[in-house]
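The following paragraphs lead through one protein chain, from its overall figures to individual residues. The reader may wish to keep the sequence and the model in view throughout.

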Amino acid sequence: MVTVCTVLPPTERPRVDAAGDGCFTTLHANSLRDALHAARRKRVDALVLSVHRCRGDELPGVALVSHHDREVTELLLRLGATGVRTAVDCTEAAGWRRLRDLLSHPASPVAARILARVVPALDDAPEDVRVFFEAMARLAPVLSTVRGLARHLRICPSTLMSRFYRVGLPSPKTYLAGMRLLHAAYLFLNPGLSVSDVAYRLDYSSPQSFGRHLKAMLGVTAGEFRRRFPFDVSLERYVDLLLTPYRDTLRAFHPLNAGLWDQGPYATRVSRAG
């Protein structure tokens, strides 16, 4: 479950809680300083700061507008000048729906860099192919199994696996495992993070578990992975091995939408094999 830290007036907190029901959990703070302190103690995926509770020198992840007054327009312009690119107007019902959708899939710097390379490589692939890769890029740090990924995508795990199997693509497990290694490579760019730090940030049960995964995937230790597979190299390798050779197949592939080939006894046999 995504965790969203908020700095909101007390009257706005129940409405954000309701908007996130079943989609994200909220951690309410009284000030930006308190929010940053909370982020150091536990994983926080996104920050929402009410424009009515921030000063011009404070930088929220998402600016939330719940009522209009003479100061809001000026403050939004000032926040935009400091780098804020998303504002949600919750004075209408559609705003709360947008907030829910936005915070369900928070972007991160590493996900943005991955998608900036992966999406163009998908070329003319259908929308649900892009949705599959976007979900992995955003959620790979907290999703270690295809079952978890399928649950997020609202599809039966065996159905998802069988669709990849039928068209001759690498398995969803292979794509997800490779995406998790991209996140590991990105974390290793920070010299202050140890192997244990990276393992626990990616929800491995232990550094040893992370090491076994690297050995099985690449035949290297964690130290060797850090030296030999920096993020940019790992990203190009992911595209070269898992996307480029299958470009024509991906253009006609629908991993999330049912087709005629999902029906009949053959589909049942393949589904069980997946």
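Of the 274 residues in the chain, 45% are buried. The model is a predicted one, and every figure discussed here was computed from it. The secondary structure of the chain consists of 15 helices and 5 strands. Its accessible surface amounts to about 14500 Å², and carbon and sulfur atoms account for 52% of that area. As for contacts between residues at least 6 apart in sequence, 61% of them connect residues at least 24 apart.

A first stretch to follow runs from helix H5 to helix H6. H5 spans residues 109-122 and H6 spans residues 127-139, and the loop between the two helices contains Asp123. Most residues other than glycine have a negative phi, and most peptide bonds are trans. Asp123, although not a glycine, has a positive phi of about 55 degrees. This residue is partly exposed, because its relative accessibility is 36%, a value that falls between the limits of 20% and 50%.

Pro126 belongs to the loop between H5 and H6 as well. With a relative accessible area of 12%, Pro126 is buried, since the cut-off for that class is under 20%. Which residues does Pro126 touch, leaving aside those up to four places away in sequence? They are Leu250, Arg251, Phe253 and His254. One of these partners, Phe253, is 127 residues away along the chain, yet the C-alpha atoms of Pro126 and Phe253 are separated by 7.0 Å.

Further along the chain comes helix H7, in which His152 is found. His152 has a relative accessible area of 29% and is therefore partly exposed. From the C-alpha atom of His152 to that of Met136 the distance is 10.0 Å, with their positions 16 residues apart in sequence. H7 covers residues 146-153, and Arg154 lies in the loop that leads from H7 to H8. Arg154 is another residue that is not a glycine and has a positive phi, here of about 60 degrees. Is Arg154 buried or exposed? At 79% relative accessibility, Arg154 counts as exposed, because the class begins over 50%.

Helix H8 then takes in residues 157-166, and its buried residues are Pro157, Leu160, Ser162, Arg163, Phe164 and Arg166. An α-helix has 3.6 residues a turn, so residues three or four places apart point the same way. Within H8, Ser162 deserves a closer look. Its relative accessibility is 1%, and Ser162 is therefore classed as buried. What lies 2.9 Å from a polar atom of the Ser162 side chain? It is the backbone oxygen of Thr159. The C-alpha atom of Ser162 is 9.6 Å from that of Pro172, and the two residues are 10 apart along the chain. After H8 comes Gly168, which has a positive phi, near 80 degrees.

The next topic is an open space in the model. Rolling a probe the size of a water molecule over the atoms shows where empty space is left. The second largest pocket holds about 330 Å³ of space. Its lining comprises 15 residues, and those nearest the centre are Ser144, Lys173, Ala177, Tyr204 and His213. By class, the lining residues are 5 nonpolar, 7 polar and 3 charged. Two helices, H9 (172-187) and H11 (207-218), contribute at least two lining residues each. Which helix gives the most to this lining? H9 does, with 5 residues.

Helix H11 also contains Leu214. At 0% relative accessibility, Leu214 counts as buried. Beyond residues up to four places away in sequence, Leu214 touches Leu181, Gly219, Val220, Thr221, Ala222 and Phe225. Between the C-alpha atoms of Leu214 and Glu224 there are 9.6 Å, and the two residues stand 10 apart along the chain.

Three of the residues visited can finally be set side by side. Ser162 in H8 is buried at 1% relative accessibility, Leu214 is buried at 0%, whereas Arg154 is exposed at 79%.

Methods: Residues numbered from 1 in each chain as written. Predicted model: local features only at pLDDT ≥ 70, side-chain atom pairs only at ≥ 80, totals over all residues. Heavy atoms only, no water. Buried < 20%, exposed > 50% of the residue type's maximum accessible area, 1.4 Å probe, protein only. Helix = DSSP H or I, 4+ residues; strand = E, 2+ residues; numbered from the N terminus. Polar contact = N/O pair within 3.5 Å; in protein donor to acceptor, adjacent residues only side chain to side chain. Contact = heavy atoms within 4.5 Å. Areas by Shrake-Rupley, 256 points an atom, 1.4 Å probe, with all protein chains shown as cover. 1 Å grid on protein atoms, 1.4 Å probe; cavity = no way out; pocket = protein on both sides within 12 Å on 5 of 7 lines; lining within 4 Å. Points joined across faces, edges and corners; volume = space filled by probe spheres on them. Nonpolar A, V, L, I, M, F, W, Y, C, P; charged D, E, K, R; others polar.
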